[in-house]
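Reader: Please take a close look at the nonpolar core of this model and at the helices that pack around it. I would like one connected account.

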Amino acid sequence: MLMNISRIFMDIVNSYQLYMSKNIKQLNLGLSEYPLLIFLRNRVDLKISQQDIADALKRDKAIVARSAKSLEEKGYIVSKLDPANKSRKNLYITEAGLEAAVKIMDLVTVWERHIMETLGEDAPEFELLFHK
């Protein structure tokens, strides 16, 4: 049974990554970039550093730094030195970033609906696994 659950999770994760990779290309985004936009979208008025994002998303700081640099080059975020701590860069989402984040969340919603329809009558039990 455990092997089946592991296999199902792997299939779902792979399916999600393929779907997102294909669909976020239209936004000129990669798989390591879009989670930062979603994170910042929900924290528009807060000072958020790269370290804050790495900690919250459980990502390597170097990956977050590369993703942040790329997002800034694309105009999705801006970074500003924190006046209280010159070694800290705070990241802020731009209007273009907010628009992209809305499109990303729409993509996630479509994918989640598809997965829940695919699971059919097992969907409620599957969803309970994540809310324990």
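Author: The account below goes from the whole chain to the core, then to two helix pairs and two buried polar residues.

The model is a predicted one. Its protein chain has six helices and three strands, and along the sequence these follow the pattern α-α-β-α-α-β-β-α-α. Taken along the principal axes, the C-alpha atoms fill a box of roughly 55 × 30 × 25 Å. Of the 132 residues in the protein chain, 32% are buried. If one takes the contacts between residues at least 6 apart in sequence, 57% of them join residues at least 24 apart.

The largest nonpolar core holds 25 residues. Leu29, Leu37, Ile53 and Ile104 are the residues with the most contacts inside this core. The elements that give two or more residues to the core are helix H1 (2-24), helix H2 (34-41), helix H3 (50-57), H4, strand S3 (85-93) and helix H5 (95-119). The most comes from H2, which gives six residues.

Leu29 shows how parts of the chain come together here. Leaving out residues up to four places away in sequence, Leu29 touches Ile24, Tyr34, Leu37, Leu71, Lys74, Tyr76 and Ile104. Two of these partners, Leu37 and Ile104, are themselves named among the core residues with the most contacts.

Leu37 and Ile104 also take part in the packing of H2 against H5. The axes of H2 and H5 come within 9 Å and cross at roughly 105°. An angle from 65 to 115 degrees counts as roughly perpendicular, and H2 and H5 are therefore roughly perpendicular to each other. On the H2 side the contact is made by Tyr34, Leu37, Ile38 and Arg41. H5 contributes Gly97, Leu98, Ala100, Ala101, Val102, Ile104 and Met105 to this contact.

A second helix pair is formed by H3 and H4. Their axes also come within 9 Å, with a crossing angle of roughly 125°. H3 and H4 are therefore oblique to each other, and their crossing is right-handed. In this pair, Gln50, Gln51, Ile53 and Ala54 of H3 meet Lys61, Val64, Ala65 and Ala68 of H4. Ile53, one of the core residues with the most contacts, is thus on the H3 side of this meeting.

H4 (residues 61-73) also contains Ser67. Ser67 counts as buried because its relative accessibility is 2%, and buried means under 20%. Apart from residues up to four places away in sequence, Ser67 touches Ser32, Glu33 and Leu36. The side chains of Ser67 and Ser32 are joined by a polar contact of 3.1 Å. Leu36 belongs to the stretch of H2, residues 34-41, so the contacts of Ser67 include one to that helix.

Another buried polar residue is Asp82, found in strand S2 (residues 77-82). With a relative accessibility of 6%, Asp82 counts as buried. Leaving aside neighbours within four places in sequence, Asp82 is in contact with Lys47, Arg88 and Asn90. Arg88 and Asn90 fall within the range of strand S3, 85-93. Asp82 and Ser49 are 33 residues apart in sequence, and their C-alpha atoms are 8.9 Å apart in space.

Key:
Residues are numbered from 1 along each chain as its sequence is written. This is a predicted model: local features need pLDDT of at least 70, side-chain atom pairs count only at pLDDT 80 or more; totals for chains, interfaces and linings use all residues. Side-chain values use heavy atoms; hydrogens and water are left out. Helices (H or I, at least four residues) and strands (E, at least two) are DSSP runs, numbered from the N terminus. Buried means under 20% relative accessible area, exposed over 50%, partly exposed in between (1.4 Å probe, protein chains only). A polar contact is a pair of N or O atoms within 3.5 Å; within protein, one must be able to donate a hydrogen and the other to accept it, and residues adjacent in sequence count only if both atoms are side-chain atoms. Contact means heavy atoms within 4.5 Å. A nonpolar core is a set of buried Ala, Val, Leu, Ile, Met, Phe, Trp, Tyr and Cys residues joined through side-chain atoms within 4.5 Å. Axes are lines fitted to C-alpha atoms, for helices over the stretch in contact, and angles run from 0 to 180 degrees between N-to-C directions. Angles under 35 degrees count as roughly parallel, over 145 as roughly antiparallel, 65 to 115 as roughly perpendicular and the rest as oblique. A crossing is left-handed if the near helix is turned anticlockwise from the far one by less than a right angle, and right-handed if clockwise.
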